[in-house]
Amino acid sequence: MNILLTGGAGYIGSHVVLALLDSGHNVHIIDDLSTGNENLIPNKAKFTRCNIQDVEKITTILINNKFDVIMHFAGFIQVEESVNFPDKYFLNNTENAIKLFDTCIRNGLNNIIFSSTAAAYGYGKGNNINEESNLNPQNPYAESKIKTEEYLINNKNNINYIIL
């Protein structure tokens, strides 16, 4: 399987890349290295340094490769920073993600796996949270992820998606 993966130089993304490569998949990483570490990118993976909002570069990558799925792990994740700079989080985590997804869809890649956050559920009673639990974001970071989820859900007729 050929996989386009954003945020592959970050903590979660880099571990997913390793697991995918170990399973025999081909992985092409997109990361702007704003929070990631280039040393986490394995030699066996292709790598393009760019932001997810770079429509021109991403379109070129999509045209020159046949991907089966995009796995989206790129994003800002600092809760305190999101409280201090909410617009930064809504721009990157929501607007830029939507721009990325739209670029993929226009180029025939409509299988999307999106890494969201359990923070979307806030502080629940007890430890049991599932997809039926009420959303209760406590910060802009969580809100930015929920807005991206809403985009996927509202476009379910055009895409196949999984929200983690």
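In this predicted model, asparagine 139 touches Val79, Ser82 and Val83, leaving aside residues up to four places away in sequence. Asparagine 139 sits in the loop between E5 and H5. The residue is buried, because its relative accessible area is 7%, under the 20% cut-off. Asparagine 139 also caps the N-terminal end of H5. In this cap, a side-chain oxygen of asparagine 139 lies 3.2 Å from the backbone nitrogen of tyrosine 141. A further backbone nitrogen, that of alanine 142, is 2.8 Å from a polar atom of the asparagine 139 side chain.

The capped helix, H5, has 15 residues. At 1.5 Å a residue, H5 should span 21 Å. The C-alpha atoms at its ends are 21 Å apart, so the expected and computed spans agree. Buried residues of H5 are Pro140, Tyr141, Ala142, Ser144, Lys145, Ile146, Thr148, Glu149, Tyr151 and Leu152. These buried residues pack against helix H3 (79-84), H4, E5 and strand E6 (160-163). An α-helix has 3.6 residues a turn, so residues three or four places apart point the same way. Glutamate 150 also lies in helix H5. Glutamate 150 counts as partly exposed, because its relative accessibility is 39%, and that class lies between 20% and 50%. From C-alpha to C-alpha, glutamate 150 is 9.9 Å from threonine 94. In sequence, glutamate 150 and threonine 94 are 56 residues apart.

The next topic is the nonpolar interior. In soluble globular proteins, nonpolar side chains tend to be buried together. The largest nonpolar core of the model holds 20 residues. Leu4, Leu62, Ile70, Leu100, Phe101, Leu109 and Leu152 touch the most other members. Two or more core residues come from each of helix H2 (55-64), helix H4 (86-106), strand E5 (111-114) and helix H5 (140-154). H4 gives the most, with four residues. Another core lies apart from this one. That core has 15 residues, including Val17, Leu20, Leu21 and Ile41.

Leucine 109 gives a view of the packing around one member of the largest core. Beyond its neighbours within four places in sequence, leucine 109 is in contact with Leu4, Leu62, Phe67, Asp68, Val69, Ile70 and Cys104.

Two strand residues come next. Threonine 6 is found in strand E1 (residues 2-6). Threonine 6 counts as buried, because its relative accessibility is 0%. A polar atom of the threonine 6 side chain lies 3.0 Å from the backbone nitrogen of phenylalanine 73. Threonine 6 touches Ile30, Ile52, Ile70, Met71, His72, Phe73, Ala74 and Leu100, not counting residues up to four places away in sequence.

Histidine 28 lies in strand E2. With a relative accessible area of 8%, histidine 28 is buried. Outside the residues up to four places away in sequence, histidine 28 touches Ile3, Leu4, Leu5, Lys46, Phe47, Thr48, Ile61, Asn65 and Phe67. Histidine 28 and glycine 8 are 20 residues apart in sequence. In space, their C-alpha atoms are 8.8 Å apart.

Leucine 33 is found in the loop between E2 and strand E3 (46-49). Most residues other than glycine have a negative phi. Leucine 33 is not a glycine, yet its phi is positive, at about 60°. Leucine 33 counts as buried, because its relative accessibility is 14%.

The last topic is the largest pocket. Its space is about 530 Å³. Of the 27 residues that line the largest pocket, Thr35, Phe73, Ala74, Gly75 and Ile77 are the closest to its centre. Two or more lining residues come from each of helix H1 (11-22), strand E2 (26-31), H4 and H5. H1 gives the largest share of this lining, three residues. Several names recur across these results. H4 and H5 give residues to the lining of the largest pocket, and each gives two or more to the largest core. Phe73 and Ala74, among the lining residues closest to the pocket centre, are also touched by threonine 6.

Terms used:
Residues numbered from 1 in each chain as written. Predicted model: local features only at pLDDT ≥ 70, side-chain atom pairs only at ≥ 80, totals over all residues. Heavy atoms only, no water. Core = buried A, V, L, I, M, F, W, Y, C linked by side-chain atoms within 4.5 Å. Buried < 20%, exposed > 50% of the residue type's maximum accessible area, 1.4 Å probe, protein only. Contact = heavy atoms within 4.5 Å. Expected span 1.5 Å × (residues − 1). Polar contact = N/O pair within 3.5 Å; in protein donor to acceptor, adjacent residues only side chain to side chain. 1 Å grid on protein atoms, 1.4 Å probe; cavity = no way out; pocket = protein on both sides within 12 Å on 5 of 7 lines; lining within 4 Å. Points joined across faces, edges and corners; volume = space filled by probe spheres on them.
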